[in-house]
Structure formats: structure tokens, C-alpha cells
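Biologist: I am just starting to read protein models. Please take me through this one, a step at a time.

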Amino acid sequence: MGIQRAHMSVRRWWWVAALGLAVTGCRTTGSAARDGQGTPPKQELQFDPVTVTADLELDKLNDEELFAGGTSAFAANDFKQAARYFGRLADFHPDSRHRRAALYNAGLSHQRLKEWEEAEHRFSELADPEKGQGDALDAAFRVAESRYHLERYDEAVKLLGTIAAREDLPVNRRLEAQVQQGVCQLEAGRGEEAEKTLRKSLATYEALADKDEVDDYFPAQAHFFVGEIYRLHYEGVKLDPAKGSDKLAEDLNYKAELLLSAQGHYLRSIRVGNGYWATAAGAQIGALYENLYEHMVNSPAPAELNAEEAQVYRQELRKKIRVLITKSINIYERTLETAERIGSQSAFVDRTRASLEKMKALLLADAEGEPAPDPAAADGEPHS
């Protein structure tokens, strides 16, 4: 096709036809009755004005020239021009031998521009999730991806479910569809369904005699998002000292259990060995400990404690906080070491580096006996 496909990554594209007029209104004049000789009278058709648009610069190019121009623009990372050339070819040269490739490449160009609706429009013409192979199957995955970015999660879930159920596909493609289906279910707020789907994909992976049959990206992603499910459960537990020390202790223990469950799945993601998800998982583990630290340091002593008991409470809390800071630092450092070793560059890496510096500052302040810096202030945010 002339363009290498990139993994993952549609606003709708509307086209006013330049070949043929679109009729927005039609009126007739004259009588419907025949004249004395039985000849129907002439009718006058009046059309409302229409706007016809065309790309005059590309109008003179044939399909070969358009395809070459689009390929060249894509190679130069000029995705706007690439979409323009490929789109022109697809729309005005329906019999071209390059049309299917142009449709796919136009969609790919729109994806690079994060123009999700336009990309979905292009890929949808090619996609065949039920029986498609090659470009038709790849396009179906990209339609689902575009709908994900458009937050049309349920539509994406249905399409991916169709692909995942196909016994004629290699296990790698079915696993890919199933993992992405689980991610879309989670984004749609269907956490229980998402966990079931993701665990099913992992069971398929674990049952393989030869793990090399599948790309390690997908099982690592599945473990990561099961971890995300437990992280969301963790965030749903609120620590409220007003409920009393017993309830606070109970909630804190439960929150810690959920943290460990999330951590366990993140660690499994790391062990799969995919660089991107290993870095992402490490960043999330560190963030969990950092988050628990922030909850604890900002939580006042239970109201029923007297002054002496409150002081003891804060001393014990400070010990636990120091442990949390140390753990988050260790995890952040190991995550960055992994990222450097594999050459990973992502938003997770940038966030990890900033969080590491913040945690080191907090640990240094604690070692010097100073009050721990306020987390919001450390982030440069106004204190509420």
C-alpha cells in the first residue's frame, strides 16, 4: 500500500459532491391535464441554488499522481496533505486500482491528525468485522479505535465482540479484539463486564503452549487494565475521620487491600515483558503509594481522640507515611531505569520523573524533621 500501518490511534468528514448537483428543493409549473390532442404540457423544473465545492489544485491530477502525492506527503509526516490527496482519489476515482489503499491511507492520515470522525468515515467503507481479512480486518479494528476516541464505547464493544468471536482468525487477533473490548467496557462504566472480558483474554493467553503466538502487548495491556479496575475500587474508598477511629481503621485496611490487588496486576503486567505497559504499570504503582500518602497526610486525627492520643496517632501515622514515600521512590526509580533501558518515551515516563522528584523532596523534609510539604503545593496547585 505504500504506507506502513501504525498501531492504534476519527471527527466526521462531510463532503459536498462536486460531480452532480444535490437537489435541495424542486417545484413544477404547468397543468397536469393533457391538451386536446392528449399531449402532456411541458413542465418547468426550478431548483434551489446549491453550493458545489472542488479542489481545483488536485482536479487536474489522475489517480496515479494523487496516490504518489499522498504517499510522498505521508512519508514527510504532512498528514493533512496526505489526507487531502488520498481522499480526493477515493472520492473521484471509484474504479482506480489504488482506491482501497487510498481509503485506508486517508483514514490513517486522519488518525495521525486525531480527526477521529473523518478516520471512521474512511475506515468504515473498508471494514468487515464478520468475515474480513487483511485491510478489511485492519480497518474494522481502526473503526473500533476511532469510536473509542469518540467515546462511542458501546458501538466499539459490539464491533470488537464480533471480531473476538471469530474462530477463523489467529489467536493473536482474537486476543487483541478481546482486550480492546474489555478496555472499552471499562471506559463505558461497565467494570464487572470489563473484568470478566479481560480475565477471559488472560485465560486464553495462559493456556497457550507457545506464548510467542501472541504479541506481548495485549496480555500486558489486559493485566494493566485489571489493575486499573482495582485502582478505581481503591479510589472509591473514602477515608473519613468523622466516622470514628474504628471505621477509619477498617476503611484504611480495605483501601490498602485494594492497593495491593491493583499492584499485583500491575506487577503481572510488568512480568509479561512489554516495555510500554511495564513502564505504565510501574508509574501506576508509584502513583498508588503517592496517593495513599496524600490521603493519610491530609487526614485529621479522629475527633474522639484527646490531645495526647492525637499526638500518638500522628507519630504512628508519620512512620507509615515514611514507608509509603520510600516505597513510591523505589518503584519510580525502577520504572525509570526500565524506561531508559528499553528507550521508552511516553506520558507515563514524564509523569514518573516529576513524581520521583516530589517524593524525594518529601522524604528529605521528613528526614530533617520538618513538616511534610503539602502535596498540592508540591504540585504547584493552589491550596484549598
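Modeller: Below are some short questions, each with its answer.

Modeller: This is a predicted model, in which local features need pLDDT of at least 70, side-chain atom pairs count only at pLDDT 80 or more, and totals for chains, interfaces and linings use all residues. Residues are numbered from 1 along each chain as its sequence is written, and side-chain values use heavy atoms, with hydrogens and water left out.

Biologist: Good to know! How many helices does the chain have?

Modeller: Helices (H or I, at least four residues) and strands (E, at least two) are DSSP runs, numbered from the N terminus. On that basis, the chain has two strands, and its number of helices is 15.

Biologist: What percentage of the 384 residues counts as buried?

Modeller: Buried means under 20% relative accessible area, exposed means over 50%, and partly exposed is in between, with a 1.4 Å probe and protein chains only. By that rule, the buried share of the 384 residues is 45%.

Biologist: And what percentage of the exposed area do carbon and sulfur atoms supply?

Modeller: Accessible areas come from the Shrake-Rupley method with a 1.4 Å probe, and for residues only the protein chains shown count as cover. The chain exposes about 20,900 Å², and the share from carbon and sulfur atoms is 50%.

Biologist: Let's look at a helix pair. Is α9 roughly parallel or roughly antiparallel to α10?

Modeller: Axes are lines fitted to C-alpha atoms, for helices over the stretch in contact, and angles run from 0 to 180 degrees between N-to-C directions. Angles under 35 degrees count as roughly parallel, over 145 as roughly antiparallel, 65 to 115 as roughly perpendicular and the rest as oblique. Helix α9 (residues 191-206) packs against helix α10 (residues 217-236) at about 150°, with the axes 9 Å apart. That makes the two helices, α9 and α10, roughly antiparallel.

Biologist: How many charged residues does the contact of α9 with α10 have?

Modeller: Contact means heavy atoms within 4.5 Å. For classes, Ala, Val, Leu, Ile, Met, Phe, Trp, Tyr, Cys and Pro count as nonpolar, Asp, Glu, Lys and Arg as charged, and the others, Gly among them, as polar. Residues of α9 including L198, L202 and Y205 meet residues of α10 including F225, V226 and I229. The contact of α9 with α10 has ten nonpolar residues and three polar ones, and its number of charged residues is three.

Biologist: Now α6 and α8: are they roughly parallel or roughly antiparallel to each other?

Modeller: The axes of helix α6 (residues 135-149) and helix α8 (residues 171-187) come within 11 Å, crossing at roughly 15°. The relation of α6 to α8 is therefore roughly parallel.

Biologist: Which residues is E187 of α8 in contact with, neighbours within four places aside?

Modeller: E187 lies in helix α8 and counts as partly exposed, at 37% relative accessibility. E187 and R152 are 35 residues apart along the chain, and 9.7 Å separates their C-alpha atoms. Leaving out neighbours within four places in sequence, the contacts of E187 are Y148 and Y153.

Biologist: Is the crossing of α2 and α3 left-handed or right-handed?

Modeller: The axes of α2 and α3 come within 8 Å and cross at roughly 160°, so α2 and α3 are roughly antiparallel. A crossing is left-handed if the near helix is turned anticlockwise from the far one by less than a right angle, and right-handed if clockwise. For α2 and α3, the crossing is left-handed.

Biologist: What is the relative accessible area of N77, in the loop between α2 and α3?

Modeller: N77 sits in the loop from α2 (63-75) to α3 (79-92). N77 is not a glycine, although its phi is positive, about 65°. N77 is exposed, and its relative accessible area is 56%.

Biologist: And what is the phi of K114?

Modeller: K114 is in the loop between α4 (99-112) and α5 (116-126). K114 is exposed, with a relative accessible area of 57%. K114 is not a glycine, yet its phi is positive, at about 60°.

Biologist: Last one: which residues does S299 touch, not counting those up to four places away?

Modeller: S299 lies in the loop between α12 (275-297) and α13 (307-342), and S299 is buried, with a relative accessible area of 14%. S299 and L239 are 60 residues apart in sequence, while their C-alpha atoms are 7.6 Å apart in space. Not counting residues up to four places away in sequence, S299 touches P241 and Y313.
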